[in-house]
Protein chains: 2
Amino acid sequence: MTEIDIKILLVDDHAIVREGYRSLLQKQPNLTVIADARDAAEAYQNYKTFQPDVVIMDISMPGQSGLEAISRIRQYDAQARILVFSMHQNPSFALQAIRAGALGYVTKSSDPTLLIHGIFQVYENKLSLSPDIAQALALEKLGQDKARLDDLTVREFEILRLLLEAKNNQQIADILNISPKTVSNSHYIIKRKLEVNSDIELTRLAIRMKLLNLRDLIDEAE
Amino acid sequence: MTEIDIKILLVDDHAIVREGYRSLLQKQPNLTVIADARDAAEAYQNYKTFQPDVVIMDISMPGQSGLEAISRIRQYDAQARILVFSMHQNPSFALQAIRAGALGYVTKSSDPTLLIHGIFQVYENKLSLSPDIAQALALEKLGQDKARLDDLTVREFEILRLLLEAKNNQQIADILNISPKTVSNSHYIIKRKLEVNSDIELTRLAIRMKLLNLRDLIDEAE
DNA sequence: CATCACACGGGAAATTTGCCCGATGTCCAT
DNA sequence: ATGGACATCGGGCAAATTTCCCGTGTGATG
């Protein structure tokens, strides 16, 4: 076995988490944390300065997102090996991270050994996804979200939009010149087609589908 | 100076974060981590078993919430000193945590020394809020939208959170060990207090209040 | 012209909502 | 320790809504 020593750059905005990485990674003989960073800009700078073998990156950081940092680093060095370590179970995050140029995606809630394993995988230029994400992504490939929306008829879609504006059946009936009964029937059909069983779920789905204009909803930035 | 040694119970569902605490706290001579837990039930059990001086608790955990754990522990020991260490900047979370019986609330993004400082404060039965939260809480007094949110009792707030996760009455009842009827009653009271007429409106309000984590909801960055 | 998808809405059962109530528990101040 | 103010929990029940199935009319299409 050759002597390998993987140089790592840590990127996370939470000091406590960086501390956790260090403690965990220090126990591995072949890994050395050579630098860290708390935001996207610092990550980019330190990548250029320290030329790490693997970058471990959190993608939910204030200001510039981790995804942006991934793109920047990959633009500077197309060979950069980046492993995303995120709290988001949402497979779409993983997909975006991979698209942006990450080689791995491991959720924070998975077993820490998966992180170690991921580092070695990524070091060897291999894709590494934690099992929960891999499975979710596979399921998602079986494609449903967008397709289901397309199942709605034009009228149903129209009614959905009005429902999402928190209008009641009577108001919608007045707007469309139909009976409130028809509205409520459509409401039911919409939920069935979209495979949700409550209005809360419906609203969440609508947000994901960008049917609901978030900017109309949110006054303040964070 | 007398010899003090504060025994700590760590509660967080992420292994990496527990690792971070350990590493950080170990450096403090007067602090000893005597146990940890990854969910509310385990937290309660380990509190009884190990009788720690201070509990450090994350409140966003799967299943039973941290708020529930706080209540349970305080019910068992009214003197329990609990410091919440949370990723939520939303001051309403802090307020509810304090109401549930926590003595401190520090955000994960604050400087780690604040956590240490908070531990000593709480150990001495003093309230401890990280500056960002204290300020936000003060500012909030000037607002009015948030005021309605604060009208909710701790229990109602907790039920609201579960409702927003699109759980049905039976699921929430199972999680909180109450009857589905109580859940539906609370659901109604919540809507009345927040002055909304439908679940869609409720969800929209929750988004504006940032009770709903948009990052968990949205697929694509913008 | 036959069919097929769609819009519309009635009917009836099942469920939820809206609002009431009382029992119990806890905290706090007198 | 006693009273009062809340808070939690859930039963009851009428009114309202949802859920599900149904039929009708209409317009497009093969």
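Which polar side-chain atom lies 3.4 Å from a phosphate oxygen of DNA strand D? In this predicted model, in which local features need pLDDT of at least 70, side-chain atom pairs count only at pLDDT 80 or more, and totals for chains, interfaces and linings use all residues, side-chain values rest on heavy atoms, with hydrogens and water left out. Residues are numbered from 1 along each chain as its sequence is written, while chains are lettered from A and ligands numbered from 1 in the order in which they are written. The atom in question belongs to A:Lys191, and the pair falls under the definition of a polar contact, namely two N or O atoms within 3.5 Å, where within protein one must be able to donate a hydrogen and the other to accept it, and residues adjacent in sequence count only if both atoms are side-chain atoms.

Two further polar contacts to DNA strand D come from chain B: an N or O atom in the side chain of B:Thr153 is 2.6 Å from a phosphate oxygen, and a polar side-chain atom of B:Lys181 lies 2.8 Å from a base oxygen. The elements giving two or more residues to the surface near this strand are H10 of chain A together with H8 and H10 of chain B, where helices (H or I, at least four residues) and strands (E, at least two) are DSSP runs numbered from the N terminus. The largest share of that surface, four residues, is supplied by H10(A). In total, 13 residues surround DNA strand D, the closest being A:Tyr188, B:Thr153, B:Arg155, B:Ser179 and B:Thr182; a residue is near a strand if one of its heavy atoms lies within 4 Å of it. The surface residues divide into three nonpolar, six polar and four charged, with Ala, Val, Leu, Ile, Met, Phe, Trp, Tyr, Cys and Pro counted as nonpolar, Asp, Glu, Lys and Arg as charged, and the others, Gly among them, as polar. Of the atoms of DNA strand D within 4 Å of the protein, 65% belong to sugar or phosphate and the rest to bases.

For DNA strand C, the corresponding proportion is 66% sugar or phosphate, the rest of the atoms within 4 Å of the protein belonging to bases. Both chains contribute to its surroundings, which include A:Thr153, A:Arg155, A:Asn185, B:Asn185 and B:Tyr188, and the residues of this surface divide into two nonpolar, five polar and three charged. Base oxygens of DNA strand C are approached by the side chain of A:Lys181, through an N or O atom at 2.6 Å, and by that of B:Lys181, through a polar atom at 3.3 Å, whereas a polar side-chain atom of B:Tyr188 lies 2.2 Å from a phosphate oxygen. The elements that give two or more residues to this surface are helix H10 (180-193) of chain A and helix H10 (180-193) of chain B.

Within chain B, helix H9 (residues 169-176) has B:Ile172, B:Ala173, B:Ile175 and B:Leu176 as its buried residues, buried meaning under 20% relative accessible area, exposed over 50% and partly exposed in between (1.4 Å probe, protein chains only). Seen down the axis of H9(B), these residues fall within an arc of 165°, so they line one face of the helix; the arc is that of the directions from the helix axis to the C-beta atoms. They pack against helix H3 (66-76), helix H8 (154-164) and H10 of chain B, contact meaning heavy atoms within 4.5 Å. At the start of H9(B), a side-chain oxygen of B:Asn168 reaches to within 3.1 Å of the backbone nitrogen of B:Gln170, and just after the helix B:Asn177 takes a positive phi of about 60°.

B:Ile159, placed in helix H8 of chain B, is buried with a relative accessible area of 0%. Leaving aside neighbours within four places in sequence, B:Ile159 is in contact with B:Ile172, B:Leu176, B:Ile178, B:Val183, B:Ser186 and B:Ile190. B:Ser130, in the loop between strand E6 (128-129) and helix H6 (131-140) of chain B, is likewise buried, with a relative accessible area of 2%, and its side chain reaches the backbone nitrogen of B:Thr107 at 3.4 Å.
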